Amino acid sequence: KKVCEVADTLLNDANRGIKHARQFFSVAQKADRTQELLDLNRVLADNDAMLRNLAGEDIDLQTALSTRIGLVFANSQELAQLISSLMASSREILPMGGTVSIETSNVEIEPSTSDPSAEMRPGTYVLLTVTADGCSVHPERRTGSIQTMVERMGGWLETAGTTQSGNIYKIYLPRVEVFSPTAPESNTAEI
């Protein structure tokens with residue numbers, strides 16, 4: 001009976017992987033890479049079902065979305081693909097379950113606080129932070145493709161990982177407008 005349960009779990013995971021691989025290929029094949037002003041919180045909300053499906057039943061997906069998030073200039077499909085890649089990477093390091101936290105915030109990088117040798121320029125950014133708890137640390141697995149997507153959007157990627165805090169991805173996207181006109185009312189939102 002346990003063998004059947006394990007086989008069913010593996011089959012479900014494989015089917016979920018195939019479904020999301022098709023979604024990734026669908027997004028990648030789209031010729032339209034038109035950029036537009038986007039509210040990152042809205043993109044997260046619009047892709048809630050896909051993120052929860054990627055997370056699976058054994059991962060607790062938590063969100064803390066800024067109430068007045070700035071807008072970014074990006075392609076909505078690429079942004080959804082970036083978020084999906086971050087969730088898939090988090091899922092890979094949590095095979096036995098755990099917690100994935102997604103946070104958004106506005107940040108300003110001052111000239112005096114930025115490292116002159118770093119590639120990230122001082123300015124205003126929308127920060128997307130994805131944290132996966134757990135003791136398995138492999139932030140480099142998908143970093144190449146995630147880095148490429150972030151760079152296409154004019155952003156910056158920072159990764160960190162420890163056995164105590166898990167994996168942390170910080171994506172800084174240039175903020176185009178200070179605040180979205182359709183900001184959510186509450187400080188913490190479920191997507």
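This is a short walk through the fold, the cores, two helices and the paired side chains of one protein chain. Please keep in mind that the model is predicted.

Let us start with the overall layout. The chain has five helices and seven strands, and from the N terminus on they come in the order α-β-α-α-β-β-α-β-β-α-β-β. Of the 191 residues in the chain, 41% are buried. The fold also brings together residues that are far apart in sequence: if you take the contacts between residues at least 6 apart, 81% of them join residues at least 24 apart. On the outside, the accessible surface comes to about 10,400 Å², and carbon and sulfur atoms account for 53% of it.

Now let us step inside. The largest nonpolar core has 35 residues, and Leu 79, Leu 82, Leu 128 and Ile 171 are those with the most contacts within it. Helix α4 (residues 76-93) gives this core its largest share, six residues. Leu 128 is a good place to look around: beyond its neighbours within four places in sequence, Leu 128 touches residues including Leu 40, Leu 44, Ile 83, Leu 86, Ile 102 and Ile 171. There is also a second, separate core of six residues, among them Val 107, Tyr 125, Leu 127 and Tyr 172.

Two of those names lead us to the rings. A search of the whole structure turns up one aromatic pair. The ring centres of Tyr 125 and Tyr 172 are 6.0 Å apart and the planes meet at 85°, so the pair is edge-to-face. Tyr 125 sits in strand β5 (residues 123-132) and Tyr 172 in strand β7 (residues 166-177), so this pair links distant parts of the chain, 47 residues apart. Both tyrosines, Tyr 125 and Tyr 172, are buried.

Next, look at how two helices face the inside. In helix α3 (residues 48-55), the buried residues are Asp 48, Met 50, Leu 51, Leu 54 and Ala 55. Viewed down the axis of α3, they fall within an arc of 165°, so they line one face of the helix. Just after α3 comes Gly 56, with a positive phi near 85°. Helix α5 (residues 143-152) has Thr 143, Ile 146, Met 149 and Val 150 as its buried residues. These cover an arc of only 130° around the axis, which puts them on the same side of α5. Here too a glycine follows: Gly 154 comes after α5, and its phi is positive, near 80°.

Finally, how many salt bridges does the structure hold? There are three. In one, Asp 48 pairs with Arg 52, with their closest N and O atoms 3.0 Å apart. Both residues lie in helix α3, four residues apart, which is about one turn of the helix. In another, Asp 58 pairs with Arg 91 at 2.7 Å between the closest N and O atoms. Asp 58 is in the loop between α3 and β2 while Arg 91 is in helix α4, so this bridge ties together parts 33 residues apart in sequence. Glu 78 and Arg 152 form a salt bridge as well, with closest N and O atoms 2.7 Å apart. This pair links helix α4, which holds Glu 78, to helix α5, which holds Arg 152, across 74 residues. Glu 78 is buried, with a relative accessible area of 4%, whereas Arg 152 is partly exposed at 43%.

Definitions and conventions
Residues are numbered from 1 along each chain as its sequence is written. This is a predicted model: local features need pLDDT of at least 70, side-chain atom pairs count only at pLDDT 80 or more; totals for chains, interfaces and linings use all residues. Side-chain values use heavy atoms; hydrogens and water are left out. Rings of Phe, Tyr and Trp (its six-membered ring) pair if their centres lie within 6.5 Å; planes under 30 degrees apart count as stacked, over 60 as edge-to-face and the rest as tilted. Buried means under 20% relative accessible area, exposed over 50%, partly exposed in between (1.4 Å probe, protein chains only). The arc is that of the directions from the helix axis to the C-beta atoms. Contact means heavy atoms within 4.5 Å. Accessible areas come from the Shrake-Rupley method with a 1.4 Å probe; for residues, only the protein chains shown count as cover. A nonpolar core is a set of buried Ala, Val, Leu, Ile, Met, Phe, Trp, Tyr and Cys residues joined through side-chain atoms within 4.5 Å. A salt bridge is a side-chain nitrogen of Lys or Arg within 4 Å of a carboxyl oxygen of Asp or Glu.
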